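Welcome! Take a moment to turn the model around on your screen before reading on. The tour below starts with the whole chain and then moves to its details.

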Amino acid sequence: LEATRLVEAGYAPDFDLIVTVEAPPEVRLARAVARGLTPEEAARRLAAQGDGAERRAAAHRVIEDRKSV
């Protein structure tokens with residue numbers, strides 16, 4: 001399950017462990033473009049996802065992934 005959806009739906013307290021993998025916005029943008037989105041489409045999707053603060057706050061573990069595509 002996606003951590004974002006767990007948090008948004010209010011289910012986070014029902015889980016013993018929530019792990020989220022975080023990457024800088026520029027890396028996330030490059031990955032989305034590599035999967036076939038235009039830079040504009042990718043930027044809109046990333047903007048719609050918010051900054052992830054609520055997801056990180058609910059996570060028991062945060063994995064930082066800074067590798068490029």
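Of the 69 residues in this protein chain, 26% count as buried. Please keep in mind that you are looking at a predicted model. The C-alpha atoms of the protein chain fill a box of roughly 35 × 25 × 20 Å along the principal axes.

## The overall layout

How many helices and strands does the protein chain have? There are four helices and two strands. If you follow the protein chain along its sequence, you will meet them in the pattern α-β-α-α-α-β.

## Salt bridges

The count of salt bridges comes to four. Here are three pairs to look for, each with the distance between the closest N and O atoms.

| Salt bridge | N to O distance |
|---|---|
| Glu22 and Arg55 | 2.9 Å |
| Glu22 and Arg56 | 3.3 Å |
| Arg31 and Asp65 | 3.0 Å |

Let us begin with Glu22, which forms a salt bridge with Arg55. Glu22 sits in strand E1 and Arg55 in helix H4 (residues 53–58), so this pair ties together parts that are 33 residues apart in sequence. Are these two residues buried or exposed? Both Glu22 and Arg55 are buried.

Glu22 also meets Arg56 in a salt bridge. Because Glu22 belongs to strand E1 and Arg56 to helix H4, that pair joins parts 34 residues apart in sequence. Why does Glu22 count as buried? Its relative accessible area is 8%, and buried means under 20%. Arg56, in turn, counts as partly exposed, because its relative accessibility is 32%. Together, Glu22, Arg55 and Arg56 are linked in a network of salt bridges.

The other pair in the table is Arg31 with Asp65. Arg31 lies in helix H2 and Asp65 in the segment after E2, so here too a salt bridge ties together parts that are 34 residues apart in sequence.

## The largest pocket

Now look for the largest pocket, which has a volume of about 670 Å³. Its lining is made of 22 residues. Which of them lie nearest the centre of the largest pocket? They are Glu2, Thr4, Arg28, Gln49 and Arg55. You have already met Arg55 as a salt-bridge partner of Glu22.

Several elements contribute to this lining. Helix H1 (3–9), strand E1 (19–22), helix H2 (25–34) and helix H3 (39–48) each supply at least two residues. Sorted by class, the lining of the largest pocket has ten charged, nine nonpolar and three polar residues.

## A nonpolar patch on the surface

Next comes the surface, where Leu17, Val19, Val21 and Ile63 make a nonpolar patch of about 350 Å². Two members of the patch are worth a visit.

Val19 is found in strand E1. With a relative accessible area of 40%, Val19 is partly exposed, since that term covers values between 20% and 50%. Val19 and Ala58 are 39 residues apart along the chain, and their C-alpha atoms are separated by 9.0 Å.

Ile63 is found in strand E2 (residues 61–64). Ile63 also counts as partly exposed, because its relative accessibility is 44%.

## One more stop

To finish, find Ala9 in helix H1. Why does Ala9 count as partly exposed? The reason is its relative accessibility of 46%. How far apart are the C-alpha atoms of Ala9 and Ala32? They are separated by 25 Å, and the two residues are 23 positions apart along the chain.

Definitions and conventions: Residues are numbered from 1 along each chain as its sequence is written. This is a predicted model: local features need pLDDT of at least 70, side-chain atom pairs count only at pLDDT 80 or more; totals for chains, interfaces and linings use all residues. Side-chain values use heavy atoms; hydrogens and water are left out. On a 1 Å grid over the protein atoms alone, a cavity is a set of points where a 1.4 Å probe fits but cannot get out, and a pocket is an open set with protein on both sides within 12 Å along at least five of seven lines; lining residues have an atom within 4 Å of a point. Grid points are joined across faces, edges and corners, and a volume is the space filled by probe spheres set on the points. Ala, Val, Leu, Ile, Met, Phe, Trp, Tyr, Cys and Pro count as nonpolar, Asp, Glu, Lys and Arg as charged, and the others, Gly among them, as polar. Patches are made of residues with over 30% relative accessible area and no salt bridge: like charges are joined within 9 Å, nonpolar side chains (Val, Leu, Ile, Met, Phe, Trp, Tyr) within 5 Å. Accessible areas come from the Shrake-Rupley method with a 1.4 Å probe; for residues, only the protein chains shown count as cover. A salt bridge is a side-chain nitrogen of Lys or Arg within 4 Å of a carboxyl oxygen of Asp or Glu. Buried means under 20% relative accessible area, exposed over 50%, partly exposed in between (1.4 Å probe, protein chains only).
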